[in-house]
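The exercises below ask for a careful reading of one chain, moving from helix packing to domains, sheets and backbone geometry. Each task is followed by a solution that goes step by step.

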Amino acid sequence: MYLYNSATHKKAEFVTHTPGHVEMYTCGPTVYHFAHIGNLRSYIMEDVLEKYLRYAGYSVNRVMNITDVGHLSSDADTGEDKMLKGAKRENKSVLEIAKYYTDAFFDDCAKLNIKTPDVVEPATNCIDEYINIVQTLEQKGYAYFAGGNVYFDTSKLDRYYIFNDHDEDDLAIGVREGVEEDPNKRNKNDFVLWFTQSKFEDQALKWDSPWGVGYPGWHIECSGISMKHNGEYLDIHCGGVDNAFPHHTNEIAQTESFLGHAWCPQWFHVAHLNTNDGKMSKSKGEFLTVSLLEQKGYDPLAYRFFCLQSHYRKALVFSWENLENAQGAYNKLLRRIAALNDADGQVDEAVAKEFKDKFIQQLGNDLNTSMGVTALYDVLKAKTNDVTKRAILASFDQVLSLNLLEKAAAIREKEAAQAKSQTACGYTVTGEGDPAIDALVMARYEAKKAKNFAEADRIRDELKAQGIEIIDAKDGATWKRV
Ligand SMILES: [Zn+2]
């Protein structure tokens with residue numbers, strides 16, 4: 001596989017520490033609110049990456065954290081504690097908030113066919129690991145204690161910036177207005193490893209530590225959890241592009257200083273989802289969640305399909321119109337698959353292998369998912385039997401996870417039920433594909449045939465009340481919603 005690496009700014013062959021095996025880490029959600037669909041874009045693309053690696057023959061150990069402590073509203077350790085903010089907003093405890101939004105996150109993932117990683121670790125589970133790392137960093141001279149907090153000393157590194165080539169002066173311009181400087185920091189980019197002096201008197205979660213009662217900084221979580229479950233050598237680290245600085249930069253600084261050797265050679269960053277308002281999370285004031293997509297009648301998998309149609313390193317523009325187009329294309333694709341004959345012979349293994357090899361090669365070019373989607377149409381057009389086509393589509397769907405055959409089967413069942421009610425006693429009912437309505441229209445016909453006109457009128461009125469209009473014809477009737 002060839003992947004772009006944000007650490008080297010180059011596309012190169014993906015090489016793992018242990019041949020054939022991938023240790024993979026994903027920055028998980030901060031569970032203080034619902035995930036918006038921009039966040040979920042990253043998880044969809046990381047899910048495809050994981051499934052692709054397995055499909056291409058790797059074994060994978062994928063680890064993800066759940067941030068339930070220590071993440072301030074600015075990633076640079078300033079602002080409010082996000083969990084505390086969520087708890088106050090909803091008048092609940094921090095633990096209740098964490099549980100509620102962790103469950104909500106995994107519900108959204110399930111709807112989007114995002115597989116749960118092999119290991120999911122809440123940050124509050126690994127306090128001993130963080131303390132151990134911070135102590136070691138202190139002993140090695142990479143950390144200092146000031147004003148009640150422990151900081152990482154970025155001046156001790158030969159190279160701090162990994163993903164960007166900017167220097168400290170450039171960065172100073174980027175410091176946002178209204179964010180006060182922390183006077184305890186020796187260098188601008190130093191970051192907190194362990195807080196004991198909290199601005200938040202009511203900080204809910206605190207633990208004993210060699211520096212006093214306190215809680216870990218956000219960045220140390222991912223280093224601690226990854227080293228605990230992935231070991232000392234990580235093959236690929238994933239996240240949204242907004243995580244690259246300072247979060248991932250700080251993860252590298254503290255982990256490599258702790259280990260004394262290189263840690264993770266490959267960094268996979270997913271670009272933003274933007275709306276026409278220029279924001280990632282909202283459109284015309286509406287907070288964009290999976291539930292909102294469903295309320296508006298969209299299939300969450302149509303959103304997955306929409307994401308797969310573009311490359312993970314390109315910013316993607318979300319609008320309801322774009323989603324509508326994706327839903328339409330997805331439905332059309334499913335109907336074409338539903339029309340495939342499932343009993344017209346044997347799978348042609350040679351053809352199937354040829355397609356699979358090509359699919360591995362195409363997606364293996366920096367996870368080109370739009371080529372993966374195009375491959376589905378190539379299969380439908382291929383000169384082979386339908387059984388082979390269905391087998392190849394099922395195989396590709398192990399990676400794309402669009403429920404292609406399941407949804408196509410549901411379309412066929414619906415059509416079969418419709419056809420059945422249509423053909424009864426030479427009287428044909430055509431409508432908008434609702435067997436219950438078809439049956440009522442048929443019952444009205446039978447009542448009329450038995451000269452039970454009162455019953456026939458009653459059924460007509462019942463249908464009318466449901467907004468159904470019946471148009472009688474010579475050998476049947478059609479109905480429509482008005
Ligand atoms: Zn992280």
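**Exercise 1.** How are α1 and α13 oriented to each other: parallel, antiparallel, perpendicular or oblique?

*Solution.* The model is a predicted one, and the reasoning starts from the fitted helix axes. The axes of α1 and of helix α13, which covers residues 386-400, come within 7 Å and cross at roughly 130°. Angles over 145 degrees would count as roughly antiparallel and those from 65 to 115 as roughly perpendicular, while the rest outside the parallel range count as oblique. The two helices α1 and α13 are therefore oblique to each other. As for the residues involved, V48, K51, Y52 and Y55 of α1 meet Q398, V399 and L400 of α13. Sorted by class, this contact of α1 with α13 has five nonpolar, one polar and one charged residues.

**Exercise 2.** Describe the contact between domain 1 and domain 2, and state which element gives the most to the side of domain 1.

*Solution.* Begin with the assignment, which divides the chain into domain 1 (2-270), domain 2 (296-406) and domain 3 (427-481). Between the C-alpha centres of domain 1 and domain 2 there is a distance of 33 Å. Their contact takes 18 residues from domain 1 and 22 residues from domain 2. On the side of domain 1 that touches domain 2, the elements that give two or more residues are β1 (2-5) and α1 (37-55), and α1 gives the most, with nine residues. By class, that side of domain 1 has 13 nonpolar, one polar and four charged residues.

**Exercise 3.** Work out the strand order of the sheet with parallel pairing, and explain why one side of each of β7 and β13 is left without a neighbour in the sheet.

*Solution.* The sheet is open and its five strands follow the order β7-β4-β3-β12-β13, with parallel pairing. Strands β7 (119-122) and β13 (266-270) stand at the edges, and each has a single partner strand, so one side of each lacks a neighbour in the sheet. Neighbouring strands here are turned by 20° against each other on average, with direction ignored. Further inside the order, β3 (residues 21-26) and β12 (residues 236-240) pair in the parallel sense over three bridges, and the bridge partner of Y25 in β12 is H237.

**Exercise 4.** Which strands are the edges of the antiparallel sheet, and which residue of β11 stands opposite W194?

*Solution.* This open sheet has four strands in the order β8-β9-β10-β11, paired antiparallel. The edge strands are β8 (143-146) and β11 (215-216), each of which pairs on one side only. Strand β10, residues 191-195, is joined to β11 by two bridges, and W194 stands opposite P216 in β11.

**Exercise 5.** Two residues other than glycine, N113 and L367, have a positive phi; is each of them buried, exposed or partly exposed?

*Solution.* N113, with phi near 60°, is found in the loop between α3 (94-111) and β7. Its C-beta neighbours inside 10 Å number 18, so N113 counts as partly exposed. L367, whose phi is about 50°, is found in the loop between α11 (349-363) and α12 (369-381). Because 25 other C-beta atoms lie within 10 Å, L367 is buried.

**Exercise 6.** What is the configuration of the peptide bond from F245 to P246, and where is P246 placed?

*Solution.* Omega is near 0° for the bond from F245 to P246, and this peptide bond is cis. P246 itself has its place in helix α7, residues 244-259.

Note on methods:
Residues numbered from 1 in each chain as written. Predicted model: local features only at pLDDT ≥ 70, side-chain atom pairs only at ≥ 80, totals over all residues. Pairing = 2+ DSSP bridges. Axes fitted to C-alpha atoms, helices over the stretch in contact; angles between N-to-C directions. Domains from an automatic or database assignment. Contact = placed C-beta atoms within 7 Å. Nonpolar A, V, L, I, M, F, W, Y, C, P; charged D, E, K, R; others polar. Parallel < 35°, antiparallel > 145°, perpendicular 65-115°, else oblique. Buried ≥ 20, exposed ≤ 12 C-beta atoms within 10 Å, placed from the backbone.
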